[in-house]
Amino acid sequence: MFDLTTEDITEGSISRALVVLAAPLVIQSLTQVVQQLVDVFWLGRYGENAVAAVGLNYPIISIAVVLVTLAPFVGTQVIVSQRVGGDDTAGARRVAFHGTTLALAFALVVGAVTYVAAPSIVRLVGADPTFAEMAAVYLATYALGMPFVAVSDTLEGAFTGWGDSRAALYVTLVTVVTNLVLDPFLILGLWVFPEMGVEGAALATVAGFAAGMALAIALAVGPRDTFSLSLADVGFDPAEYREILDVGGPLVGQRIAQDAVRVFIVGIVAVAGGAAGLVAYTVGARIASIAFIPAGGLQQASQSIIGQNLGAEKPERANRTTWTGVAIAAVALGLVGAGQWFVPEPLTMLFVPHISEAALTLTVQYLQILALGYWALGATYLFLGGFNGARKTKTSLVVSLAQYWGVRLPIAALGVYAFGAGVSAVFWAVTLSNVTAAVGAGAYYYYTTSDGMFERAVAVASAD
């Protein structure tokens, strides 16, 4: 079902290639969501403070992982796809090795700093004294797994760039299953294991990362018809490292810019809506994150397909890939939004069964406002995938800065503080920023492709 060759990607049905390549990536993301839910399930059996300690670490860990893996992952995926499309498989393998070693170097530095500074970091973000020590233990233990995450994630990017998203799925499944199996034993001390609480939860996660990395390496060096590394691919060429960072680096700024605005938005919601507003915003964010998993899978698939077609000197087909992906994502997420519009209350009760009346009212309102912009966020994912596939990742950074800092934050702040519109202003700011990003990114994408963006990208890929 998930078999794709280079010929399928550069000559076959674009819609089929997108769906087939994206399907394992969507399943991969869903398994990661399940992992997070099961972690909370077992930690909840250990104690409320344990859940709070791990919850406090989520944004910290998110930033650390972005710093370690995002640039090598995207840079490797895009460049590998272009070289495979240009029949330069030796060059594709070289960049996979360079991307992996680059991520490993980042991980060793970030992991060491995080491990040593864990107590100071959790105090800096305002950890309650009742669980601050547990939060520090979890963060320090998690930091030990950074090298495993770096290697496995970057190799997954190489697999996907080659057109083999099944390998990335297999790595994630091994990672998640190992974590889920070990969770109850290490957290609660079942069978012969000691009761370790949050430290056990972190160790189970680290063990999962290690198992995933072992499989990723085995797949990468084993005899396979697709991506396979050998000693001939080993090298430390500064030009390769620069190229990877040039492609993937701007996306690190993009993610940090997004996360920073989200922090400010949460603060505005707390002021304008109190506890009820925070519940509404949190539930909406969780439901939206699940709904957008297919868009993320389609974006990764489109980046690989566009890259391979540019390497094969087929700019028109690369352009059609973006528009086909936009149509699929916009229609699919539009249908999801329509469903959410009609059943916001049951969705809310599914996540928070004993919600207060005030929080329920605000959550229903937010879910319906969010639903109006689902199509736009799906389209934005694919337009940015088009830019990324052409190595125009700086454009993705600019679009995100405009979306979050130019539209979302000002509308939310002005609506609440200047016009007294209450927390509803924040809800509308989210949707209006999503629609603005889709329209703006689409218009600029049309302009740049009409002006020869993909033809220039073909020249760059050919020169490489």
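## A walk through a helical model

E313 sits in the loop between α10 (293-311) and α11. That's a handy place to start in this structure, which is a predicted model. E313 isn't a glycine, yet its phi is positive, at about 60°. The residue is also exposed, with a relative accessible area of 53%.

There's a second case in another loop. R391 lies between α14 and α15, and here too a residue that isn't a glycine has a positive phi, this time about 70°. Is R391 buried or exposed? R391 counts as buried, because its relative accessibility is 18% and the cut-off for buried is under 20%. A positive phi also turns up just after helix α6: the residue that follows is G163, with a phi near 100°.

### Two helices up close

Let's stay with α6 for a moment. This helix covers residues 146-162, which makes 17 residues. From its first C-alpha to its last it reaches 24 Å, close to the 24 Å expected at 1.5 Å a residue. How much of α6 is buried? The helix is mostly covered, with 15 of its 17 residues buried.

Now for α13 (357-371). Its end C-alpha atoms are 21 Å apart, which agrees with the 21 Å that its 15 residues should span at 1.5 Å a residue. The buried residues of α13 are A359, L360, L362, T363, V364, Y366, L367, I369, L370 and A371. Some of them follow a pattern you can look for in the 3D view. An α-helix has 3.6 residues a turn, so residues three or four places apart point the same way. And what covers the buried residues of α13? The cover includes α9, α11 (315-342), α12 (344-351), α14 and α16.

### The largest nonpolar core

Several of those helices come back when you look at the largest nonpolar core, which has 35 residues. The members that touch the most other members are I265, F292, Y374, V426 and F427. At least two core residues come from each of α9 (238-291), α13, α14 (374-389), α15 (393-418) and α16 (424-450). Which helix gives the most? That's α9, with 11 residues.

F427 is a good residue to click on here. Skipping its neighbours within four places in sequence, F427 is in contact with A280, L362, Q365, Y366 and I369. Of these contacts, L362, Y366 and I369 are also among the buried residues of α13.

### Three buried residues

Here are three small residues to look up, each with its helix and its relative accessibility.

| Residue | Helix | Relative accessible area |
|---|---|---|
| G85 | α3 (48-85) | 8% |
| A425 | α16 | 10% |
| A376 | α14 | 0% |

Each one counts as buried, because buried means under 20% relative accessible area.

Take A376 to begin with. Which residues does A376 touch, if you don't count those up to four places away in sequence? The answer is N434, V435 and A438. A376 and V435 are 59 residues apart in sequence, but their C-alpha atoms are 5.1 Å apart in space.

A425 has its own set of partners: leaving out neighbours within four places in sequence, A425 is in contact with I411, A412, G415 and V416. As for a residue further along the chain, A425 and G284 are 141 residues apart, and 15 Å separates their C-alpha atoms.

G85 belongs to helix α3. With neighbours within four places set aside, G85 is in contact with Q308, G311 and A312. Another pair to try in the viewer is G85 and A429: they are 344 residues apart along the chain, and their C-alpha atoms are separated by 41 Å.

### A pocket to finish with

The second largest pocket has a volume of about 200 Å³. It's lined by 14 residues, and the closest to its centre are F97, T100, L155, I217 and L229. Where does the lining come from? Helices α4 (89-124), α6 and α8 (197-221) each supply at least two residues. The largest share is from α4, which gives 5 residues.

What kinds of residue line this pocket? By class, the lining has 10 nonpolar, 3 polar and 1 charged residues. So α6, the mostly covered helix from earlier, also helps to line this pocket.

Key:
Residues are numbered from 1 along each chain as its sequence is written. This is a predicted model: local features need pLDDT of at least 70, side-chain atom pairs count only at pLDDT 80 or more; totals for chains, interfaces and linings use all residues. Side-chain values use heavy atoms; hydrogens and water are left out. Helices (H or I, at least four residues) and strands (E, at least two) are DSSP runs, numbered from the N terminus. The expected span of a helix is 1.5 Å times one less than its number of residues. Buried means under 20% relative accessible area, exposed over 50%, partly exposed in between (1.4 Å probe, protein chains only). On a 1 Å grid over the protein atoms alone, a cavity is a set of points where a 1.4 Å probe fits but cannot get out, and a pocket is an open set with protein on both sides within 12 Å along at least five of seven lines; lining residues have an atom within 4 Å of a point. Grid points are joined across faces, edges and corners, and a volume is the space filled by probe spheres set on the points. Ala, Val, Leu, Ile, Met, Phe, Trp, Tyr, Cys and Pro count as nonpolar, Asp, Glu, Lys and Arg as charged, and the others, Gly among them, as polar. A nonpolar core is a set of buried Ala, Val, Leu, Ile, Met, Phe, Trp, Tyr and Cys residues joined through side-chain atoms within 4.5 Å. Contact means heavy atoms within 4.5 Å.
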